[in-house]
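Trainee: Could we go through how the terms for strands, pairing and burial are applied?
Mentor: Gladly, let's take them one by one.

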There are 2 protein chains.
Amino acid sequence: MVDFKMTKEGLILVVGDYDSLESALSEITDKLTQMGSFFTKGDEIALLVENHSKHVQDIPRIISRIREFGLSVSRILVGKPEEAKISSGMKVVQRGETKSGTKLVKKNVRSGQVIVHSGDVIIVGNLHKGAEVMAGGSVVVFGKAEGVIRAGLNEGYKAVVMAVDLQTTLIQIADRMTHEKGEREIPSVAHVRAGRIVIDRWNEVSFEEVMKA
Amino acid sequence: MVDFKMTKEGLILVVGDYDSLESALSEITDKLTQMGSFFTKGDEIALLVENHSKHVQDIPRIISRIREFGLSVSRILVGKPEEAKISSGMKVVQRGETKSGTKLVKKNVRSGQVIVHSGDVIIVGNLHKGAEVMAGGSVVVFGKAEGVIRAGLNEGYKAVVMAVDLQTTLIQIADRMTHEKGEREIPSVAHVRAGRIVIDRWNEVSFEEVMKA
């Protein structure tokens with residue numbers, strides 16, 4: 001179910017369609033342990049998860065597992081393993097990790113780039129159309145967000161999505177999704193209330209939980 | 001140099017003025033190890049660091065050390081140990097820790113409250129006048145920020161400070177400070193460029209480092 005595929009452009013880790021993430025992760029661990037001596041710390045591989053749309057929310061955890069072995073994932077490929085070419089797919093932007101576990105990205109994220117991080121992601125710049133963020137936690141775009149933002153992939157409904165101009169094509173928080181956008185040029189916050197994603201203006205956010213002082 | 005002071009309102013950990021943070025931290029460790037059996041996990045103490053203004057940037061690390069022993073710091077006191085009353089000082093707001101190490105605070109932070117965190121802090125709400133954030137990393141206020149923001153206390157000049165309305169009384173990033181504010185109601189980013197804090201509009205941010213794609 002988990003295997004490497006060698007291409008002339010590099011190595012692809014192919015994770016076949018699965019029912020249980022935990023067992024997929026443990027197969028990845030076994031595979032990487034087996035192949036340990038084959039890799040040098042910092043080597044880059046591509047990742048292809050079969051049935052991508054079903055498993056998209058697992059990708060941060062899969063990538064974190066791979067990173068534990070000192071490897072970095074340079075691209076996420078979409079499609080069938082037999083068709084996969086390493087030159088296609090979304091380029092994973094690795095920069096900007098902070099000590100604290102948040103990813104701080106100080107630049108625009110362009111079409112074809114994807115930021116994958118198991119914690120929170122803060123982008124100081126724009127998220128262009130065709131770019132994507134997959135975050136275990138919350139996502140802040142301190143700029144214009146036109147791409148796809150998937151948040152709460154680890155943390156669930158607590159996660160929030162914020163942008164100075166929230167013109168996303170898709171927002172996902174845990175398993176909820178919306179194609180709604182914020183009002184133009186009004187900083188907005190997307191969050192889950194009563195089981196669905198709502199988008200509030202920055203100065204009118206009302207969370208479901210009552211937070212005590 | 002490090003000692004507990006008992007008051008009828010609770011216990012205060014008093015850290016005397018020091019030259020080396022490392023030696024102060026190791027004294028704290030020794031003291032808490034000695035007194036280990038005295039505490040129950042989750043007990044709250046107050047913290048007083050002598051010569052507060054000189055050591056303010058060490059406070060997140062001191063608090064993290066204390067938290068390693070299962071204690072929580074409920075207040076930060078300012079003044080001389082002999083005058084310290086536990087009812088004075090800044091109330092440390094503990095809520096909102098995320099798995100990732102970022103602190104996500106979903107409410108307004110009011111006068112007299114302080115958010116202390118060794119990583120990044122994201123506030124969805126306002127930071128009122130008289131409130132303070134001390135962060136090891138970056139700080140996002142997705143609201144109006146009128147209080148004091150100290151960022152980069154661990155991460156240094158890489159840290160940034162952002163708010164939808166940046167009307168702070170003081171911004172500190174590592175050892176740099178400014179009383180300048182952002183333009184009213186224009187989302188703004190404060191960051192260190194050429195050794196000083198500059199404040200840019202959200203859509204005109206220019207970082208010193210050239211980040212490669």
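Mentor: Here is a short talk about strands, a helix and burial in this predicted model.
Residues are numbered from 1 along each chain as its sequence is written, and chains are lettered from A and ligands numbered from 1 in the order written. In this predicted model local features need pLDDT of at least 70, side-chain atom pairs count only at pLDDT 80 or more, and totals for chains, interfaces and linings use all residues, while side-chain values use heavy atoms, without hydrogens and water.

Trainee: What makes β5 (residues 90-92) and β7 (residues 113-117) of chain A a pair?
Mentor: Strands are DSSP runs of E, at least two residues, numbered from the N terminus, and two of them pair if DSSP finds at least two bridges between them. Here 2 bridges join β5(A) to β7(A) in parallel, so the pair meets the definition. One of the partnerships is A:Lys91 with A:Gln113.

Trainee: How many bridges join β7(A) to β9 (residues 132-135) of chain A?
Mentor: 4, again with the strands parallel; A:His117 stands opposite A:Ala135 there.

Trainee: Why is β7(A) called largely enclosed?
Mentor: Buried means under 20% relative accessible area, exposed over 50%, partly exposed in between (1.4 Å probe, protein chains only). 5 of the 5 residues of β7(A) are buried, so the rest of the structure largely encloses this strand. Both faces are covered, with A:Gln113, A:Ile115 and A:His117 on one side and A:Val114 and A:Val116 on the other.

Trainee: And in chain B, what is the sense of pairing between β5 and β7?
Mentor: Parallel, over 2 bridges, with B:Val92 partnered by B:Val114.
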